Amino acid sequence: MSDLRHLPSVDRLLGQAGALMELHGRQSVTAALRATLAEIRSTRPDPLPDEAAILAMTAAALADTTRSGLRPILNLTGIVLHTNLGRALLPEVAIEAASAAMRAPAALEFDLETGGRGQRDDHLRGLLCELTGAEDATAVNNNAAAVLIALNTLGAGRAGLVSRGELIEIGGAFRMPDIMAQAGLRLCEVGTTNRTHPRDYREAIAEDTALILKVHPSNYRIEGFSAEVDGATLAGIAHEAGLPLVNDLGSGSLVDLSRYGLRPEPTVAEAVAEGADLVTFSGDKLLGGPQAGFIVGRRDLIQRINKNPLKRVLRLDKIRLAAAEAVLRLYRDPDRLAERLPTLRLLARPKGDIAAQATRLAPQVAALLGCAVDVITCGSQTGSGSFPTETLPSAGLALSPAPEALAARLRALPVPVIGRIHDGALVLDLRCLDSDAALLGALAG
Ligand SMILES: *Cc1c(COP(=O)(O)O)cnc(C)c1O
């Protein structure tokens, strides 16, 4: 049995922990030394660690607790807009704009011309209207918030019509029936799961109907014997009855993605042109910006939303407003968008480019990890529920054997590398790997 009386005191150890205190401060180092000593007392290792070993254990424990859980990682899952990994990466101009807004005061709600009070949404309104053809626009915390405040403003205490085929659940507990209930609307389901017709909506309109809601089924497809009512027809039905049509697009792209070789998603401008009175969409999905929810549409309705007390609860902060403004501005020049907007650049990255990178990296990764590494073709996903049934042809590295153990090892790196396990291998899809050096540097850590 080791003799605990030989353990050094905290004071004695502190005397030799100058470098650690420089890094972490006296208070944290003292607490960490106490914890290390307590651990040694309870486990009684034989022989007892010497002073240098105790300091090293303490340094490791401190390094662990001070490492941010939000530190950068490499997303090699093949899912470009991975919700659990933070969705869109922002373009440099947006990062600069956000930093500037953090560093110095900004005219957030201040009119520089008159010196009077301004509105925080003014910074985005013009751009959103220009890019979508809408009359007016506002912004909130995320698209879930956009749907909530739009429904609450237009329909609290009354009913909203939704097709049974569009009662979506998005990951993270966004379920349309629950959001409607939270917004104070009675959900009136229309049609069936696979087929909804114009007459279903017409027949469901009643005295207490406040609005018709159309929801883009972002993360699933109903195929086969199916029918839905298109936005233009639905706008006609709503307007005949004097009701507003709210179209929740989810991703809602601002440009025709087919010009970048991607499958087109309904654009916000199309939804506006079809006659939707309000359109809601996310800032950090296909749009490629910060987390935000945008609402565009009829001015009178946007003004009512802005007067809803929930607007104050759900508003955007200056950091994200600055970033969103910079991202939206990039959309004014669609010709250069794919170079400038990381989300689009990654989605449009040609397979040949990715495959060449995989071939280059395979031997080096094998040497660093000491495992088998095969170059493979694979399919990336857009993520965030966009294009759920489509994959983008991609390439990567398949690491084996013991993929689970390899995955754990790569997650434990200072810059964690996240892949996915498939077919008995750990697959690193290289679509989102901007530089070879980033992966080699991470693995060398
Ligand atoms: C993603 C999505 C939402 C929620 O948007 P967040 O930005 O994640 O809050 C709502 N509706 C649809 C149709 C979506 O695809």
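**Exercise 1.** In what order do the 5 strands of the open sheet lie?

*Solution.* Keep in mind that you're looking at a predicted model. Going across the sheet, you pass β2, β12, β13, β16 and β15 in that order, and the pairing is mixed. Next, check the two ends: β2 (79-81) and β15 (420-422) are the edge strands, each pairing on one side only. From one strand to the next, the twist averages 40°.

**Exercise 2.** Work out how β2 is joined to β12, then find the helices that pack on this sheet.

*Solution.* Start with the strands: β2 and β12 (residues 372-383) run parallel and are joined by 2 bridges. Pick out L81 and you'll find its bridge partner in β12 is G383. Now for the helices. α17 (residues 351-369) lies across β12 and β13 (392-400), at about 10° to β13. Helix α18 (residues 403-411) packs on the sheet too, touching β13, β15 and β16 (425-429), and its direction makes about 45° with that of β16.

**Exercise 3.** Track down the residues around the ligand and its polar contacts.

*Solution.* First, the shell: 13 residues surround the ligand, and the closest are A144, S218, D248, S282 and K285. Then ask which elements contribute: α7 (143-155) and β9 (245-250) each supply at least two shell residues. Now the contacts, using a cut-off of 3.5 Å between N or O atoms. Ligand oxygen atoms lie 2.8 Å from a backbone N or O atom of A144, 3.2 Å from a polar backbone atom of N143, and 2.8 Å from a side-chain N or O atom of K285. Finally, coverage: the ligand on its own has 380 Å² of accessible area, and the protein covers 95% of that.

Technical notes. Residues are numbered from 1 along each chain as its sequence is written. This is a predicted model: local features need pLDDT of at least 70, side-chain atom pairs count only at pLDDT 80 or more; totals for chains, interfaces and linings use all residues. Side-chain values use heavy atoms; hydrogens and water are left out. Two strands pair if DSSP finds at least two bridges between them. Helices (H or I, at least four residues) and strands (E, at least two) are DSSP runs, numbered from the N terminus. Axes are lines fitted to C-alpha atoms, for helices over the stretch in contact, and angles run from 0 to 180 degrees between N-to-C directions. Contact means heavy atoms within 4.5 Å. A residue is near a molecule or strand if one of its heavy atoms lies within 4 Å of it. A polar contact is a pair of N or O atoms within 3.5 Å; within protein, one must be able to donate a hydrogen and the other to accept it, and residues adjacent in sequence count only if both atoms are side-chain atoms. Accessible areas come from the Shrake-Rupley method with a 1.4 Å probe; for residues, only the protein chains shown count as cover.
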